[in-house]
Structure formats: C-alpha cells, structure tokens
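Biologist: Could you take me through this one and explain how each label was reached? I would like to hear the reasoning as well as the names.

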Amino acid sequence: MIVDFKEGSYSYEKLTADAKSLANQYSEILKYVTIGKSHDNRDIILLKLGVGKQHMICCGGVHARENINPIVLLRIIENYAELYYKHKEQKQEFKKQNNFQKVQDKDEYEDILYGACIYEILQTFTILFVPLLNPDGYVISLYGFDAIEDPQLRELCKAKNIPGEEWKCNARGVDINRNFPSRLYRPKDPGDYAASENETKALIFLFHGYRSKGFLDFHSRGKQIYYYRKAMSDTYNNKQHEIALRLAGVTNYVLIPPEEEVDPGDTGGNTVHYYSEHFRKPALTIETVDEEAAFPLNIRYRDSTFDELKLIILEFGSRIL
Ligand SMILES: [Zn+2]
C-alpha cells in the first residue's frame with residue numbers, strides 16, 4: 001500500500017511523492033500531470049485514472065482546512081487501480097482455465113462484483129482527479145503561516161488574523177470557491193475579480209481541456225450534497241436532484257435544500273457554478289465529515305470518508321453516461 005492512513009500529518013511533499021509512486025506502480029492506467037503552479041510555487045497535480053474515452057472530473061482540497069479529502073482521493077485512486085489490475089488478471093485466468101476460482105463466500109462474491117464494477121468504470125471513463133487544488137492553503141492549515149515561502153504572501157495571510165487551522169483561502173487570502181466567473185459571482189473587496197487566482201485558472205483550463213460528462217467537488221462540512229443551481233433550468237435541476245438522491249442513497253448524506261444554495265450574505269462563484277453554467281452537465285458539491293467536526297479535522301475521518309467517497313464516485317459515473 002502506498003497511501004497510508006496511519007500517516008499522522010500528511011504533508012504536501014508526501015502527497016506529491018505518493019501520487020508519483022502510484023503513477024509508477026499503475027502506469028498502464030494512471031498518469032501524473034501538473035496543471036499549474038500555486039502563488040507560492042507549488043505544483044497543482046492532476047492524476048488521470050482509467051483508459052475510457054469518457055471523462056469525469058473529481059476535485060478536492062479547494063478549501064485549505066478541509067484537509068481530509070486529498071489523502072482520501074489518493075487512497076481511492078490506489079484502491080480503484082489495484083482492483084482494476086486484479087480484475088484484469090482474474091479475467092485472463094478465466095479465459096485460460098475457462099472457470100473462475102471457486103468463490104468461497106458472500107464477502108468474496110461481493111469483492112469480485114465490486115472489482116468488476118471498478119474495472120468497467122475505468123474502461124468507460126478516464127477519471128481526472130485533482131486531489132489538492134489549493135496546496136498553499138493546505139500547508140497553512142497543517143503547519144501555520146511559516147510554511148509559506150514568499151515573505152510578502154506570508155505577511156499578507158498573517159495580517160488576516162485567522163488561525164492557520166481555520167484557514168480556507170489560498171496564499172493570497174482569496175477563497176478559490178468564490179473566485180469562479182459565474183452568474184452569482186460578486187467581488188468581495190474592491191479590486192477583486194473573477195478567475196484572478198492561479199488555482200482557479202488551472203481548474204478552468206482543465207474543465208475546457210476535456211469534454212467531460214460530470215464534475216464532483218469534495219469539501220468537508222456535514223455530510224451534505226449541494227445540487228441545486230438557481231442560474232440553471234428546471235430540466236437541469238431535476239437531473240441534478242435525481243443524481244443527488246442516488247449519491248445520498250449510497251452514503252446517507254443529506255441534500256441541501258434549493259434555498260440554501262448560497263449562505264445568506266454570501267456570493268456564488270463556486271467551482272460547480274462555473275461548470276454547470278458553461279457545460280450544462282451534472283456538477284455537485286459533496287461535503288464530507290460531521291457537521292460538528294472541529295478544525296484541525298481529526299484524521300479518524302479518513303477511513304469513513306474513504307468508504308463513502310469510493311461509492312459516490314462509482315455511482316456518479318454510472319449516472320452520467
Ligand atoms: Zn469547502
């Protein structure tokens with residue numbers, strides 16, 4: 001196993017090293033690509049998993065302090081890749097001997113079935129994973145502001161008087177999930193403009209670089225799903241609702257009511273707003289961990305979040321074809 005949940009603090013360096021190791025180990029179906037640089041000069045990584053002609057996009061780590069999802073997404077990549085290789089081997093065995101090895105029990109049967117589903121999805125899709133869109137924010141949330149190399153950016157962040165473990169923004173103090181050009185976008189401060197940030201641009205370029213079928217953005221607040229888009233048609237929202245119900249069905253996450261799409265006094269400009277409006281394909285925000293979870297997030301959330309997200313991604317893939 002490359003991605004180890006027992007690792008205490010999962011550093012940015014370890015995350016990139018693991019991503020490279022995964023791409024080496026599963027080179028037949030996994031590619032490591034850099035899609036941009038953060039303002040404090042860290043790579044923004046894309047991992048392309050699968051051999052399918054269709055594409056779907058999964059993003060994590062937009063908000064700095066929500067730092068459980070990046071490692072979980074990497075572990076899911078490893079899990080899917082492992083199962084893909086295993087299933088492929090089993091298929092070849094089957095062809096050679098003209099029978100599967102004897103299935104011992106129900107659990108084993110379910111494992112084989114799950115493996116077959118993963119194999120199918122990675123034959124159909126190439127899943128584009130951006131496990132950590134905001135690496136600068138991530139290191140602030142783990143190690144504080146001294147983790148920022150650029151002295152000007154470091155001082156700018158410190159001046160906001162927000163504790164490092166509560167930090168949501170990037171190294172320029174901008175909330176990336178309020179920086180996407182969409183109908184609900186409003187500048188927060190004079191001088192603000194949409195898509196001003198490197199991280200925003202990297203994801204926008206990725207969105208436009210592939211004809212993808214759908215997009216999931218993983219955040220961490222209360223096991224909830226945002227699906228409703230005020231700026232979109234009823235037809236679009238009905239489809240979104242249908243998919244959201246299926247994802248809730250495999251996880252027991254709850255759907256956020258339409259009127260709560262944006263918090264009172266807040267603005268849009270979310271990743272999913274941009275994706276919905278430009279491509280008119282399904283795009284949902286998935287909020288992991290309990291509502292009352294305090295920051296820094298307890299690493300015990302890694303295991304349960306892994307169990308939930310591996311099903312969500314699989315189910316989403318089957319719904320957007
Ligand atoms: Zn968030």
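Our talk goes from helix packing to the core, then to single residues and the backbone.

Modeller: Happy to, and please keep in mind that this is a predicted model.

Biologist: Let's begin with two helices. Why are H2 and H9 called oblique to each other?

Modeller: The axes of H2, residues 69–97, and H9, residues 301–319, cross at roughly 55 degrees and come within 9 Å. Under 35 degrees would count as roughly parallel, and roughly perpendicular runs from 65 to 115. The angle of H2 with H9 fits neither range, so the pair is oblique. The crossing of H2 past H9 is right-handed.

Biologist: Which residues make that contact?

Modeller: From H2 there are Asn 69, Ile 71, Val 72, Arg 75, Ile 76 and Asn 79, and they meet Arg 302, Thr 305, Phe 306, Leu 309, Lys 310 and Ile 313 of H9. Sorted by class, the contact of H2 with H9 holds six nonpolar, three polar and three charged residues.

Biologist: And what makes H2 and H3 roughly perpendicular?

Modeller: Here the axes of H2 and H3, the latter covering residues 106–124, cross at roughly 100 degrees and come within 8 Å. That angle falls in the span from 65 to 115, so H2 and H3 count as roughly perpendicular. H2 brings Tyr 80, Leu 83, Tyr 84, Lys 86, His 87 and Lys 88, while H3 brings Gly 115, Ala 116, Ile 118, Tyr 119 and Leu 122. The contact of H2 with H3 has seven nonpolar, two polar and two charged residues.

Biologist: Now the core. Which residues touch the most other members of the largest nonpolar core?

Modeller: Leu 49, Ile 77 and Leu 284 do, in a core of 83 residues. H2 is the element that gives the most to this core, with 10 residues. Setting aside neighbours within four places in sequence, Leu 49 has contacts that include Ile 29, Leu 30, Ile 77, Tyr 80 and Leu 122. Nonpolar side chains tend to be buried together in soluble globular proteins.

Biologist: How do you know whether Ile 313 is buried or exposed?

Modeller: Count the C-beta neighbours: Ile 313 has 24 inside 10 Å. The cut-off for buried is 20 or more, so Ile 313 is buried. This residue lies in H9 and, beyond four places in sequence, touches Cys 58, Ile 76 and Leu 216.

Biologist: Leu 216 appears in that list. What makes it buried?

Modeller: Leu 216 has 27 other C-beta atoms within 10 Å, and with the bar at 20 or more, Leu 216 is therefore buried. Leu 216 sits in strand E5, residues 212–219. Its contacts beyond four places in sequence are Cys 58, Leu 284, Ile 286, Ile 313 and Phe 316.

Biologist: Why is Gly 52 called partly exposed?

Modeller: Gly 52 has 17 other C-beta atoms within 10 Å. Buried needs 20 or more and exposed needs 12 or fewer, so Gly 52 falls in between and is partly exposed. Gly 52 is in the loop between E2 and E3. Along the chain, Gly 52 and Leu 122 are 70 residues apart, and their C-alpha atoms are separated by 5.9 Å. Leu 122 is one of the residues that Gly 52 touches, along with Gln 123, Thr 124, Phe 125 and Thr 126.

Biologist: Finally, the backbone. What makes Asn 161 and Arg 280 worth a look?

Modeller: Most residues other than glycine have a negative phi, and most peptide bonds are trans. Asn 161 has a positive phi of about 55 degrees, and Arg 280 has a positive phi near 55 degrees. Asn 161 is in the loop between H5 and H6, and Arg 280 is in the loop between H8 and E8. Asn 161 has 6 other C-beta atoms within 10 Å, so it is exposed. Arg 280 has 13, so it is partly exposed, given that exposed stops at 12.

Biologist: And how do you know that the bond from Phe 295 to Pro 296 is cis or trans?

Modeller: Its omega is near 0 degrees, and the bond is cis. Pro 296 is placed in the loop between E8 and H9.

Methods:
Residues are numbered from 1 along each chain as its sequence is written. This is a predicted model: local features need pLDDT of at least 70, side-chain atom pairs count only at pLDDT 80 or more; totals for chains, interfaces and linings use all residues. Axes are lines fitted to C-alpha atoms, for helices over the stretch in contact, and angles run from 0 to 180 degrees between N-to-C directions. Helices (H or I, at least four residues) and strands (E, at least two) are DSSP runs, numbered from the N terminus. Angles under 35 degrees count as roughly parallel, over 145 as roughly antiparallel, 65 to 115 as roughly perpendicular and the rest as oblique. A crossing is left-handed if the near helix is turned anticlockwise from the far one by less than a right angle, and right-handed if clockwise. Two residues are in contact if their C-beta atoms, placed from the backbone, lie within 7 Å. Ala, Val, Leu, Ile, Met, Phe, Trp, Tyr, Cys and Pro count as nonpolar, Asp, Glu, Lys and Arg as charged, and the others, Gly among them, as polar. A nonpolar core is a set of buried Ala, Val, Leu, Ile, Met, Phe, Trp, Tyr and Cys residues joined through C-beta atoms within 7 Å.
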